[in-house]
Amino acid sequence: MHWLLHIPGQAAAAIGESPLRIGSDPGSEICLARHGLAPLHARLTPGAAGLLWLEPAADETAAVVHVNGRRIVRAALLTPGDELHLGSCALRLSSARKPDAARRPTAQPINFSGRVLLRALTGADTGRAHVLVNSLCIGRSDLSEVRIDDTALAERQILLQRQGNAILVKNLSPVLEMRVDGWVCEEAVLHPGSQISIEQHRFRFEAPSAETAPMVEPEIAEPIHPASANAAAPTDPASGIFSRAQWILLAVAIAISGFFIVLLSYSR
């Protein structure tokens, strides 16, 4: 895992596999000389499977921490594109590389046999998933698939569109900045888990990648074994029509019919 933590007035701090302390203490890995910050204000802890946790310091009165406008009391799981507020200091988490439409995605192609979704992370529709087939528009217009009642947005603000085996997102109105995984982009190729934000509105792109597609075992026909030289060839050409059990039932039926015929002949 290699993410970047963007700090106002400083170079971006790389996040690797080691925990990072954030605070006003000069001995911290990320030292922020800001008013209202505690010597140890918060801690970033990388976890298994590329996860990143943010933990406020034990002293909750001094360590006020917000993630995307929500106060964190114990811990929060972070993703690229999240905005952190430690006291009065605003930080932004981003992916290590800026998403770019010209540089096609390094991730696996999207598996379109599964559900491709855009999930709202803010507002009244938080948690709602919008299915994306070929294209999907976000904006203030009633014709937009994802309508947001915000006068700051354009009628058609963001367009998600399928491009082959990938999804391309475009900012249709450059008046407002669009961020993808924490980077300002005019257009970018999305990968599963990408976070899109415009002003305070946030969305997460969800889709199965090609490498996570369920593997379907091909049907394997029964092997045909050549007949041995000693095997006797079938003498009855009709033997392939019925099975052995069917031949036995037919013989029994014929025998019973003959028995009844003999009884009827003697009864006369």
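**Legends to close-up views**

**View A. Glutamate 29, with a relative accessible area of 43%, is partly exposed.** The model shown here is predicted. The assignment follows because a residue counts as partly exposed when its value falls between 20% and 50%. The side chain of glutamate 29 forms a salt bridge with that of arginine 21, at an N to O distance of 3.0 Å. Arginine 21 is itself partly exposed, at 34% relative accessibility. This contact qualifies because the limit for such a nitrogen–oxygen pair is 4 Å. In total, the structure contains seven salt bridges.

**View B. Glutamate 177 and arginine 179 are joined by a salt bridge between their side chains.** The N to O distance of this pair is 3.6 Å. Glutamate 177 has a relative accessible area of 46% and is partly exposed.

**View C. Salt bridges link Arg119, Arg204 and Glu206 in a network.** Within it, the side chains of glutamate 206 and arginine 204 meet at 2.9 Å, N to O. Arginine 204 is classed as partly exposed, its relative accessibility being 30%.

**View D. Strand S16 (residues 158-163) pairs with strand S14 (residues 135-139) in the antiparallel sense.** Four bridges connect S14 and S16. In one of these pairings, cysteine 137 has leucine 159 of S16 as its bridge partner. S16 also runs antiparallel to strand S17 (residues 166-171), to which six bridges join it. Here leucine 159 stands opposite lysine 170 of S17. Leucine 159 thus appears in both pairings, facing cysteine 137 and lysine 170.

**View E. Two residues lie between the strands in the hairpin of S16 and S17.** Which residue of this hairpin takes a positive phi? Glycine 164 does, with a value near 65°.

**View F. The charged group of arginine 162 lies over the face of phenylalanine 112.** The distance from the ring centre is 3.6 Å. Arginine 162 falls within the range of strand S16, residues 158-163. How many aromatic pairs are counted in the structure? The count is zero.

**View G. Six strands form an open sheet in the order S2-S1-S11-S10-S7-S8, with antiparallel pairing.** Strand S2 (13-15) and strand S8 (70-71) are the edge strands, each of them pairing on one side only. Strands of a sheet pair through backbone hydrogen bonds, in either the parallel or the antiparallel sense. Inside the order given above, strand S10 (residues 83-86) and strand S11 (residues 89-95) run antiparallel and are joined by four bridges. Across this pairing, leucine 84 is opposite leucine 91 of S11.

**View H. The protein as a whole comprises one helix and 22 strands.** Of its 268 residues, 35% are buried; the threshold for this class is a relative accessible area under 20%. The exposed area of the protein is about 16,500 Å², with 57% of it supplied by carbon and sulfur atoms. Among contacts between residues at least 6 apart in sequence, 42% join residues at least 24 apart.

Methods:
Residues numbered from 1 in each chain as written. Predicted model: local features only at pLDDT ≥ 70, side-chain atom pairs only at ≥ 80, totals over all residues. Heavy atoms only, no water. Pairing = 2+ DSSP bridges. Buried < 20%, exposed > 50% of the residue type's maximum accessible area, 1.4 Å probe, protein only. Phe/Tyr/Trp six-rings, centres within 6.5 Å; stacked < 30°, edge-to-face > 60°. Lys NZ or Arg CZ within 6 Å of the ring centre and 35° of its normal. Contact = heavy atoms within 4.5 Å. Areas by Shrake-Rupley, 256 points an atom, 1.4 Å probe, with all protein chains shown as cover.
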